[in-house]
Every structure is written in C-alpha cells, then in structure tokens.
Amino acid sequence: MALICYVVLAVLIFGFRVAMQRKKTGDHGLRVATQLKTSVQKLATYIQVLVLLGVLAIAILESLNVLQPQLNLGIYGTIAGLALCALGTAITMVSQFQMGKSWRIGVDETEKTDLITHGMFSVSRNPIYLGMMVIGLAFMALVPHAYMVACYVLAIIGIDLQVRKIEEPHLRRAFGDQYANYIGKVGRYFPRLRGA
C-alpha cells in the first residue's frame with residue numbers, strides 16, 4: 001500500500017503541479033538547482049532528496065516482503081495511513097493551488113513573486129510543508145519501521161533547514177516589513193492559538 005501511495009502522491013503533488021505550472025506560466029517552477037550555492041542550501045536539498053529516495057526504497061522493499069514492519073498495526077495502521085495520506089495530500093495540493101503563479105520548488109534570489117497570505121497561508125506560513133509532515137506520519141503508519149521513522153526525522157530536519165535558513169531569509173529580503181508583519185500574525189507551520 002505504501003508504494004501505491006508514494007506513486008500516487010508523486011504524480012499528484014509533483015507531476016501534476018509541475019504540469020499545471022508549466023501550462024499556466026510556460027515555466028515548470030523548479031528552482032532546486034539555483035539553491036545549491038551555499039553549504040546550508042546543499043545540505044537542505046540533499047537531505048530532502050535522500051528522504052524521498054529512502055521512503056521510496058522502504059516502500060519498494062515492503063511491497064516485495066523484503067522489509068517487514070516492526071510493529072503490527074493491522075488494518076488500523078492502513079486506515080490511519082490512508083486517512084493521513086489523504087489529509088496531507090489535500091493540504092499540500094490546496095496550498096499549491098493557492099500559491100498560483102508564485103509556486104516554486106526551491107528559491108531563486110533573482111525572481112520576484114507575490115507574498116501569498118490568503119487561504120491556507122492565513123493560518124500557516126508553510127502549509128505545503130505542513131501537508132508533507134502529515135504525509136510523513138501516513139507513511140510511518142503504513143510501514144511502522146525504524147527506517148521510516150529515521151526518514152521522517154530527516155524530513156523534518158530538511159524541511160526546517162529549508163524554511164529557516166533558505167526561504168525565510170529570502171522572504172525577509174524580498175518583502176521586508178510586509179513579511180515581518182505576516183510572521184507576527186501567522187505561525188511557521190501550525191496555526192497560532194488566539195486569545196491564549
């Protein structure tokens with residue numbers, strides 16, 4: 001089941017979005033190569049690629065019965081995994097759609113895009129990454145194994161490096177006070193509790 005989910009997610013979240021971006025703008029929106037200049041940029045990118053390949057390898061090995069889950073969650077694990085997968089995919093795809101022409105994978109310092117603060121971005125500054133974190137939980141439920149947990153931990157590290165050390169500094173430079181005000185109102189990943 002994990003391998004099927006991985007393939008479906010790759011098509012929906014990456015393939016479909018890249019095709020849609022290209023149709024709308026004439027550009028695929030991939031900027032990964034432009035953010036390999038510093039050691040932090042390289043580290044964040046390589047960690048994320050390693051996680052994608054690691055989860056794929058685990059899903060393939062599990063589907064071939066070479067790798068057995070270390071915890072038997074039975075049908076409940078499958079149901080939880082599929083539900084989390086659906087939720088994470090919905091969060092990610094809606095957020096991607098709401099970014100419109102500003103959607104990118106990676107950062108190109110020479111580009112000027114709009115600061116998106118509406119929709120999902122009004123409750124989370126990084127709803128796409130939040131969706132990916134939920135998807136990571138889904139894969140841990142589908143294949144409860146220490147290797148999958150390790151991939152999830154690496155994913156969180158890679159995402160946080162990408163956000164804190166690459167994207168946020170870029171947005172501060174690009175949008176100044178507008179971004180500073182946005183930071184004051186909206187949480188990095190999770191909605192802020194109001195009135196607490």
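**From His145 to the cores and the surface patch**

Leaving out residues up to four places away in sequence, His145 touches Leu67, Gln68, Pro69 and Gln70, where contact means heavy atoms within 4.5 Å. This is a predicted model, in which local features need pLDDT of at least 70 and side-chain atom pairs count only at pLDDT 80 or more, while totals for chains, interfaces and linings use all residues. Residues are numbered from 1 along each chain as its sequence is written, and side-chain values use heavy atoms, with hydrogens and water left out.

His145 sits in the loop between helix H4 (127–142) and helix H5 (146–185), helices being DSSP runs of H or I with at least four residues, numbered from the N terminus. His145 counts as buried because its relative accessible area is 9%, and buried means under 20% with a 1.4 Å probe and protein chains only, exposed over 50%, and partly exposed in between. A polar atom of the His145 side chain lies 3.0 Å from the backbone nitrogen of Tyr147.

The largest nonpolar core, a set of buried Ala, Val, Leu, Ile, Met, Phe, Trp, Tyr and Cys residues joined through side-chain atoms within 4.5 Å, has 31 residues, of which Val55, Phe139 and Met148 touch the most other members. H1, helix H2 (39–63), H4 and H5 each supply at least two residues of this core, and its largest share, eight residues, comes from H5. Apart from this core lies another, of ten residues, including Met99, Ile116, Ile128 and Phe175.

Elsewhere, in helix H3 (residues 74–99), is Leu82, which counts as partly exposed because its relative accessibility is 34%.

Note on methods: A polar contact is a pair of N or O atoms within 3.5 Å; within protein, one must be able to donate a hydrogen and the other to accept it, and residues adjacent in sequence count only if both atoms are side-chain atoms.
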